[in-house]
Amino acid sequence: MFRRLPESEEVTVRFSIDGRSVTARAGETVAAALLATGVVSCRTTPVGGQKRAPYCMMGVCFECLVTIDGIGNRQACLVPVSEGMAVRSQHGARAIADEPLAEGAR
Ligand code: FES
């Protein structure tokens with residue numbers, strides 16, 4: 001479906017999607033990396049459980065919400081992928097009771 005354009009000097013970073021180790025280009029967003037690795041949905045809706053995937057790629061639609069390093073509801077299209085990052089798809093409503101607040105979100 002999606003594929004990366006060829007580049008000569010490619011710096012890669014390794015991160016995980018739902019526990020699966022994958023590589024991405026340094027500087028690309030988590031959403032771009034998800035699509036490039038063949039992920040077709042990254043969350044399900046809280047009410048109907050319908051699958052959703054990145055759509056606008058610019059922070060408007062909120063279809064790309066994922067859990068990144070234990071913090072839920074992150075917009076994957078606005079977060080650059082980094083080495084060792086752990087990305088998890090979200091299913092239904094986000095659990096907030098036992099998640100710490102992100103630095104700067106207090
Ligand atoms: S893809 Fe639309 S907000 Fe991220």
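The following questions and answers introduce a predicted model of a protein.

Student: On what basis are the residues numbered and the values computed?

Tutor: Residues are numbered from 1 along each chain as its sequence is written, and side-chain values use heavy atoms, with hydrogens and water left out. Because the model is predicted, local features need pLDDT of at least 70 and side-chain atom pairs count only at pLDDT 80 or more, while totals for chains, interfaces and linings use all residues.

Student: In what order do the elements of the protein run from the N terminus on?

Tutor: Helices (H or I, at least four residues) and strands (E, at least two) are DSSP runs, numbered from the N terminus. The protein has 1 helix and 7 strands. From the N terminus on, the order is β-β-α-β-β-β-β-β.

Student: What percentage of the residues of the protein count as buried?

Tutor: Buried means under 20% relative accessible area, exposed over 50%, and partly exposed in between (1.4 Å probe, protein chains only). The protein has 106 residues, and the buried share of them is 34%.

Student: How much area does the protein expose, and what percentage of it do carbon and sulfur atoms supply?

Tutor: Accessible areas come from the Shrake-Rupley method with a 1.4 Å probe; for residues, only the protein chains shown count as cover. The protein exposes about 6,700 Å², of which carbon and sulfur atoms supply 54%.

Student: Which element gives the most residues to the largest nonpolar core?

Tutor: A nonpolar core is a set of buried Ala, Val, Leu, Ile, Met, Phe, Trp, Tyr and Cys residues joined through side-chain atoms within 4.5 Å. The largest one has 20 residues, and those with the most contacts inside it are F15, V30, L34, M85 and V87. Two or more residues come from each of β1 (12-17), β2 (20-25), α1 (30-36) and β5 (65-68). The element that gives the most, with 4 residues, is α1.

Student: Which residues are in contact with L34, leaving aside its neighbours within four places in sequence?

Tutor: Contact means heavy atoms within 4.5 Å. L34 is among the residues with the most contacts inside the largest core. Leaving aside neighbours within four places in sequence, its contacts are I17, V39, C42, V66, A76 and V87.

Student: Are the residues L65, V66, T67 and I68 of β5 buried or exposed?

Tutor: One side of β5 carries L65 and T67, and the other carries V66 and I68. Both faces of the strand are covered, and these four residues are all buried.

Student: Which strands pair with β5, and in what sense?

Tutor: Two strands pair if DSSP finds at least two bridges between them. On β6 (residues 71-75), V66 stands opposite R74 and I68 stands opposite I71; in β7 (residues 86-89), the bridge partner of T67 is R88. There are 3 bridges from β5 to β6 and 3 bridges from β5 to β7. The partners are thus β6, antiparallel, and β7, antiparallel.

Student: Which residue in the turn between β5 and β6 has a positive phi?

Tutor: β5 and β6 form a hairpin with 2 residues between them. The residue in question is partly exposed, at 48% relative accessibility. Its phi is near 50°, a positive value in a residue other than glycine. That residue is D69.

Student: What is the phi of N73?

Tutor: N73 lies in strand β6 and is partly exposed, with a relative accessible area of 39%. Although N73 is not a glycine, its phi is positive, at about 60°.

Student: Which backbone oxygen does the side chain of Q75 reach?

Tutor: Q75 lies in strand β6 and is buried, with a relative accessible area of 16%. Not counting residues up to four places away in sequence, Q75 touches G59, V60, F62, C64 and L65. At 3.3 Å, its side chain reaches the backbone oxygen of G59.

Student: With which side chain does the side chain of E63 make a polar contact?

Tutor: A polar contact is a pair of N or O atoms within 3.5 Å; within protein, one must be able to donate a hydrogen and the other to accept it, and residues adjacent in sequence count only if both atoms are side-chain atoms. E63 is found in the loop between β4 (51-52) and β5. At 2.7 Å, the partner of its side chain is the side chain of R43.
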